[in-house]
2 protein chains.
Amino acid sequence: MTLGGLLSAPPAIVAAGVDVFSDALRAQGADVHDVDWRPPGFGDPADLAALALDPRRNAANRVAVERIMAAGSQLVDVRPAREVIGLEDRTLLHSGPPLTWETASGPMRGALIGACLFEGWATDVEDAERILAAGEITLDPCHHHRTVGPMAGVTSPSMWMWCLKDPVHGGQAFCNLNEGLGKVLRMGAFNDEVLTRLAWMRDVLGPILQKAVRSMADPLDVKSVLAQMLQMGDEGHNRNRAGSLMTLRELSPSIVAVEGVPSSDIAEVLRFIGGNEHFFLNLGMPTAKLALDAARDVPGSSMLTVMSRNGTEFGIQTAGTGDRWFTAPANTPVGLFLGDYGPDDANPDIGDSAIMETYGVGGFSMAAAPAIVRFVGGTVPDALATTERMYQVTLAENPAMAIPIMGFRGSPTGIDVLKVARTGWLPQINTGMAGRIAGTGQVGAGLVQPPQACFEQALTALAEEARTA
Amino acid sequence: MTLGGLLSAPPAIVAAGVDVFSDALRAQGADVHDVDWRPPGFGDPADLAALALDPRRNAANRVAVERIMAAGSQLVDVRPAREVIGLEDRTLLHSGPPLTWETASGPMRGALIGACLFEGWATDVEDAERILAAGEITLDPCHHHRTVGPMAGVTSPSMWMWCLKDPVHGGQAFCNLNEGLGKVLRMGAFNDEVLTRLAWMRDVLGPILQKAVRSMADPLDVKSVLAQMLQMGDEGHNRNRAGSLMTLRELSPSIVAVEGVPSSDIAEVLRFIGGNEHFFLNLGMPTAKLALDAARDVPGSSMLTVMSRNGTEFGIQTAGTGDRWFTAPANTPVGLFLGDYGPDDANPDIGDSAIMETYGVGGFSMAAAPAIVRFVGGTVPDALATTERMYQVTLAENPAMAIPIMGFRGSPTGIDVLKVARTGWLPQINTGMAGRIAGTGQVGAGLVQPPQACFEQALTALAEEARTA
């Protein structure tokens, strides 16, 4: 058809997605062909509109994300959970949103069993299963106690915890000590190797770390360590190699100076820390928790304050909706497997460690850590593209967390429920994978996203808030 | 002009650079326009041709670069220079090609003065200058003693040295211990602070490191540390942060177990290592030296085995020309300055540390360390482009030294004199900058290239070798 023909002949119309146009044209007798196309986003249009038009939103989100970025993180003490958060006998904390023994997945059950054995509440595995099934052990999310825990996140009264303080907003946050990789409680393992290590951590590691940390002239600035990690190929979730080394460097002179302890214990502590490339993770997580707790309870804000998983469900919270959880069944990560393990061995997504992505590092800053693709899968261009994409769902760039390869651009920070819904880009998390059978331990590491349903619920709740504000 | 016209009309010819074509066309009466254009390379065409046509060259270069890549590096001992290389009284080693007191630059003179004071050969600065000027102190290049030294590289008999071994080819290489940044002997400073530190390193650090290293069940695999550094944002020349941390991690359990030493000394040693982000450099350099010494004396090879600078001259050696130096006046680095220092304060290029680039890391692997541009200047895209460019002047990609951001491509390894001459791309070195006045210390860090004249001389010598082979 020539240009003249196009103008003189009756028009043929192709309408993509928006019914209101094609219906109006069809009513005028036009030849309309509908294409079934939707924008990639999601959410009820009325909710999206209510949230978009909420006059509080921009300022509230600005307040919330600036609190994240302003928060500091100092390591001020190491104490048992019993003391520091008043954790009582026969109470166990776990990762993610609330759950029961009945709904707990394999690795969560394994970690709960192991903790009962470690605390001496049960004599053997069957006994532990019995008291857990009978409801004799109180289960409570870490997040309800200013605490975060990687993977199963199971924290019992005798476990020692890092105690961190935000000198800017005054908050506190806590996390247990990292056991290393492989057969470890947080991955659902509970054999003798696991329990022996936990006892050593309770009897030797914890007390030495407490004395060392208390003797430091200046508290360790954990936020600064995290910032340096992004210059050193770590992203702070599944690569903590440089961070663990810096932690060792900062603590070792004080550890060596601890008195009244055999030098063989000192050497063993240094070897344990030096042999665990994830040792820093349990300091990074409460650093992120401090920042996100500082951003809690900002009416009108559509920014996430929590992303967390208990191995069964994924839960999120937002600054505008307080302590309310929005949950949906957790996805299963896709990635690389250890030894002979494969996709069928992986449990659904588990752990509070997605607090790192909520803070803007981890999967959000994978561009800073291209070597991580050898651990979690994917390619180097994927890692760069992921960070680029996460800028589209976040509110700010955190100048303290600069990513060198992006020309020192700050990490994408402050996940906005509205931006996630509009773009359809779900937050990218990289994560360890626990075996789905209790007792297995780690089977791999990979990439995973939250279920969209969490965000749909949060969007609806935020829209209701907006309408009634 | 239409296509038909182009074929039927007399041709008008534009000839770019190559006279032999335009002369031949002109002789046939053609309309020839010469453009004054040269390929960016250099070198006498007859020499380039002789080298290019040398039938030994490809195989010899393959042998040489494979020796580099095959070489290993183990830390086997720590001993004083007097013992380990038989360094005699009143003898000092220095970086770069041979030099005399008369030709020595400010920082080299400063370091030589400081070493005379440290060894007690002189009572004060004037006395030291007198004995040096009188030729009472023998000066010899580090490289002539299987040794390398950063910056001035001045090594005296009482200084402790890392002793490294190549388990593949059996070679040995040595380097003194790194003093840290700022006012340090290797940067030409010699005040009391410098001498006090050197005395502590002689009396406390060296003996403790010797005991620790000798007690290790397995020798530290320094090559493996270097490989991991490239995954952690270090390039091994001016960023050694991860490497220094890994060294601390590997040594600290053995350091803590050293007996018969006050625990305050142990803590001070850990603090000294932990406070020096360049501590690893003096282990990385002999690792590169081991590999390049393994590639020495391969007739017909046009590959570099040494790039080194004494602060006055830049010198190179090739695998095909043995111990012969090709020297020319050193360039002055361009980069970033500490405090109030500026370009006028910088001494010309100095140090054996360009052995890192000769090995394929440092400036050649800057893509692995984008954060280094904040230390040596330039931009992140420059860093990536530099590594890309260095692939054009090297013989191989070292799979052991993988660069994650380049999709885990191996570092550009084995600098070929012929490729440098053909492309005109001189090797890119990043380097510390010493103050040009003796006693100043470090003034900055930057980027620098060897003088082209070194390569022109090497090319001529290699061509002569080729013709007479």
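The following exchange concerns how chain B and chain A meet in this predicted model.

User: What makes this a predicted model, and how are its residues and chains labelled?

Analyst: In this predicted model local features need pLDDT of at least 70 and side-chain atom pairs count only at pLDDT 80 or more, while totals for chains, interfaces and linings use all residues. Residues are numbered from 1 along each chain as its sequence is written, chains are lettered from A in the order in which they are written, and side-chain values use heavy atoms, with hydrogens and water left out. On pLDDT, the predictor's confidence in each residue from 0 to 100, chain A averages 94, and the complex is given an ipTM of 0.86 and a pTM of 0.89.

User: How do you know which residues of chain B are in contact with chain A, and how many are they?

Analyst: Contact means heavy atoms within 4.5 Å, and by that rule 31 residues of chain B are in contact with 31 residues of chain A.

User: How many salt bridges does the rule find across the interface of chain B and chain A?

Analyst: A salt bridge requires a side-chain nitrogen of Lys or Arg within 4 Å of a carboxyl oxygen of Asp or Glu, and across this interface the rule finds 0 of them.

User: What makes the two copies related as by a two-fold rotation axis?

Analyst: When copies are superposed by least squares on the C-alpha atoms of residues with pLDDT of at least 70 in both, a rotation of 180 degrees with 0.1 Å of shift along its axis places chain B on chain A with an RMSD of 0.4 Å. The two copies are therefore related as by a two-fold rotation axis. As for the surface involved, 100% of the contact residues of chain B recur in chain A, so that the same surface serves both copies.

User: Which residue of chain B comes closest to the rotation axis?

Analyst: Of the residues of chain B, Met232(B) comes closest, with its C-alpha at 2.3 Å from the axis.
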